[in-house]
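Visitor: I am new to reading protein models. Could we go through this one feature by feature?

Guide: Yes. Have a look at it, then ask.

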Amino acid sequence: LLSLPAKRRIAVLGDMLELGEYSEEAHRSAGRHAAKVCDIVCAVGARMGFARYELSAHGFKENENLFSFDTSDQAGLALKNIIQEGDLILVKGSQGMRMEKTVKEIMEHPEKAKELLVRQEREWQKR
């Protein structure tokens, strides 16, 4: 994120699944790192609560520059009211978090999702 020019840097981070005993520390570490490089963070999922704690400890404020969502769908809908021209947005999370739904919601041309995004097959859309 730091290597690219941007008005604001936004990270939309979904739970990292299947980390077992490393889950808490990995999510905390992600929060600490995001606090150093992001202007706004959207945390998606219960495990990202650990990241939210770290972000709060670094001065991020809920509903100002730190937003929490249960699902990737919710994050995508809310992002429409958060993002501005010139923002750089990173969307990342485990496959099971379905972060491509967030991306589709904020795409300028969502009708091109089938050619630009992963998991757009009918089988995946039913999940």
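Visitor: Does Arg-98 count as buried or exposed?

Guide: First, note that this is a predicted model. Buried means under 20% relative accessible area, and exposed means over 50%. Arg-98 has 7% relative accessibility, so it counts as buried. The residue sits in the loop between strand 4 (87-92) and helix 4 (100-106).

Visitor: What is the sign of phi in Arg-98?

Guide: Phi of Arg-98 is positive, about 55°, although the residue is not a glycine. Glu-18 also has a positive value, near 65°, and is a residue other than glycine. Its place is the loop between strand 1 and helix 1. With a relative accessibility of 81%, Glu-18 counts as exposed.

Visitor: How many helices and strands does the protein chain have?

Guide: There are six helices and four strands in the protein chain. Their order along the sequence is β-α-β-α-β-α-β-α-α-α. The radius of gyration is 14 Å, close to the 14 Å that the globule rule gives for 127 residues, so the chain is as compact as a globular protein of that length. Along the principal axes, the C-alpha atoms fill a box of roughly 40 × 35 × 25 Å.

Visitor: What share of the residues counts as buried?

Guide: In the protein chain, 39% of the 127 residues are buried. The accessible surface is about 7,700 Å², and carbon and sulfur atoms hold 49% of that.

Visitor: Which residues have the most contacts inside the largest nonpolar core?

Guide: A nonpolar core is a set of buried residues of certain kinds, joined through side-chain atoms within 4.5 Å. The largest one here has 13 residues, and those with the most contacts inside it are Leu-13, Ala-34, Cys-38, Val-41, Leu-55 and Phe-60. Two or more residues each come from strand 1 (8-14), helix 1 (23-37), strand 2 (40-44) and helix 2 (49-57). Helix 1 gives the largest share, three residues. Apart from this core lies another, of twelve residues, including Val-12, Cys-42, Phe-67 and Phe-69.

Visitor: What is Val-41 in contact with, leaving aside its neighbours within four places in sequence?

Guide: Val-41 is then in contact with Ala-11, Leu-13, Ala-34, Leu-55, Phe-60, Asn-65, Leu-66 and Phe-67. For the protein chain, contacts with a separation of 6 or more can be sorted by distance in sequence, and 66% of them join residues 24 or more positions apart.

Visitor: How far apart are Leu-79 and Val-103 in sequence and in space?

Guide: They are 24 residues apart in sequence and 9.7 Å apart in space, C-alpha to C-alpha. Leu-79 belongs to helix 3 (residues 72-79) and counts as buried, at 0% relative accessibility. Not counting residues up to four places away in sequence, Leu-79 touches Ile-10, Val-12, Cys-42, Thr-102 and Ile-106.

Visitor: Where is Asp-15 found?

Guide: Asp-15 is in the loop between strand 1 and helix 1. At 3% relative accessibility, Asp-15 counts as buried. Beyond its neighbours within four places in sequence, its contacts include His-27, Arg-47 and Met-97. Glu-54, in helix 2, is buried too, with a relative accessible area of 11%. Leaving aside neighbours within four places, Glu-54 is in contact with Arg-28, Gly-31 and Arg-32.

Visitor: How many positive and negative side chains does the protein chain have?

Guide: There are 20 positive and 20 negative side chains, and the centres of the two sets lie 2 Å apart.

Terms used
Residues are numbered from 1 along each chain as its sequence is written. This is a predicted model: local features need pLDDT of at least 70, side-chain atom pairs count only at pLDDT 80 or more; totals for chains, interfaces and linings use all residues. Side-chain values use heavy atoms; hydrogens and water are left out. The radius of gyration is taken over C-alpha atoms; the globule rule is 2.2 Å times the number of residues to the power 0.38. Buried means under 20% relative accessible area, exposed over 50%, partly exposed in between (1.4 Å probe, protein chains only). Contact means heavy atoms within 4.5 Å. Accessible areas come from the Shrake-Rupley method with a 1.4 Å probe; for residues, only the protein chains shown count as cover. Lys and Arg count as positive and Asp and Glu as negative; His and the chain ends are not counted. The place of a charge is taken as NZ of Lys, CZ of Arg, CG of Asp or CD of Glu.
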